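Here is a short walk through one protein model and the molecule it holds. Have the 3D view open while you read.

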Amino acid sequence: MIDLYFWPTPNGYKPLIFLEETGLPYQIKPINILRGDQFKPDFLAIAPNNRIPAIVDDAPAERNQPFALFESGSILIYLAEKTGQFLSSNLRTRHQTIQWLMWQMGGIGPMMGQANHFTRYAPEDIPYGKKRYVNEFKRLLGVMEKQLRDRDYLTEDYSIADMACYPWIAFSHLINVQLADFPKVAKWVERIAERPAVKRAYQVGEPIQGDYQMDEEARRLLFDIKPK
Ligand SMILES: N[C@@H](CCC(=O)N[C@@H](CS)C(=O)NCC(=O)O)C(=O)O
């Protein structure tokens with residue numbers, strides 16, 4: 001059984017999509033990042049970076065001790081290796097997949113995350129910040145558009161790289177980026193959105209947020225952190 005420490009955010013959906021795709025038994029442990037669960041000692045023992053997602057695998061392949069991991073990219077690689085799915089065993093394809101996964105982790109995620117922050121949450125309007133991150137996100141979409149010119153997925157087949165990118169790119173409209181300008185990417189979003197496992201992941205994930213919103217308490221917890 002995999003315990004998935006989750007909140008319905010783009011990074012949270014990456015492993016949830018994987019778990020739904022493979023049917024690996026899992027249970028969700030909600031970590032309400034809008035109310036500070038990410039700072040509680042029990043969670044920090046698993047995820048010292050105080051961010052979701054994290055997992056604990058109580059039946060790892062080697063040793064009997066439960067195995068904990070944080071960082072969505074490493075979780076996806078681990079689960080792919082555990083199940084032998086969505087990460088090719090062919091050396092080239094495998095590393096091309098990891099390459100695009102790293103591209104998501106170092107590019108799409110942080111850039112769209114900051115674009116989101118400056119467009120939707122920053123307490124003051126900072127046009128330079130908005131422009132900088134939205135433009136960088138668009139540049140990355142342009143790179144993806146070229147990669148998809150002669151293929152349906154980022155690498156040979158649907159993989160953990162696509163699962164990592166989808167929960168971010170599918171919500172580009174939230175930062176006023178129109179995928180109509182990137183037709184291959186738009187088709188890729190449609191293709192993945194149609195997958196039954198992806199639909200199930202959002203059906204499972206969305207209700208977990210309940211009535212919690214990005215209110216004043218959440219903003220203080222998430223954006224007003226004083227480095228220790
Ligand atoms: N690089 C990390 C980023 C994780 C991350 O930023 N998670 C956000 C939600 S999408 C979070 O937990 N935020 C809580 C906080 O900022 O305190 C990963 O990919 O797992």
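Let's begin with the ligand in this predicted model. It has 13 residues around it, and the ones that come nearest are T9, Q38, I52, E71 and S72. Where does the ligand sit? The space it takes is the largest pocket.

Some of the contacts here are polar, and each one in the table involves an oxygen atom of the ligand.

| Residue | Part of the residue with the N or O atom | Distance to a ligand oxygen atom |
|---|---|---|
| Q38 | side chain | 2.9 Å |
| R51 | side chain | 3.1 Å |
| I52 | backbone | 2.8 Å |

So Q38 and I52 turn up twice, being listed among the residues that come nearest and also making a contact in the table. How much of the ligand does the protein bury? Taken alone, the ligand exposes 520 Å², and the protein buries 82% of that.

Now for the rings. The structure holds 14 aromatic pairs. One of them joins Y153 and Y158: the ring centres are 5.6 Å apart and the planes meet at 55°, so this pair is tilted. To count as tilted rather than edge-to-face, the angle must not be over 60 degrees.

Are these two tyrosines buried or exposed? Y153 has 13% relative accessibility, so it counts as buried. Y158, with 6% relative accessibility, counts as buried too. The cut-off for buried is under 20%.

Y153 has another partner as well. The charged end of R191 sits over the Y153 ring, 6.0 Å from the ring's centre.

Elsewhere on the list of aromatics, which residues do ring pairs link into a cluster? The members are F6, Y13, Y166, F171, W188 and Y202.

Notes:
Residues numbered from 1 in each chain as written. Predicted model: local features only at pLDDT ≥ 70, side-chain atom pairs only at ≥ 80, totals over all residues. Heavy atoms only, no water. Phe/Tyr/Trp six-rings, centres within 6.5 Å; stacked < 30°, edge-to-face > 60°. Buried < 20%, exposed > 50% of the residue type's maximum accessible area, 1.4 Å probe, protein only. Lys NZ or Arg CZ within 6 Å of the ring centre and 35° of its normal. Near = heavy atom within 4 Å. Polar contact = N/O pair within 3.5 Å; in protein donor to acceptor, adjacent residues only side chain to side chain. Areas by Shrake-Rupley, 256 points an atom, 1.4 Å probe, with all protein chains shown as cover. 1 Å grid on protein atoms, 1.4 Å probe; cavity = no way out; pocket = protein on both sides within 12 Å on 5 of 7 lines; lining within 4 Å. Sits in = over half its atoms within 2 Å of the grid points.
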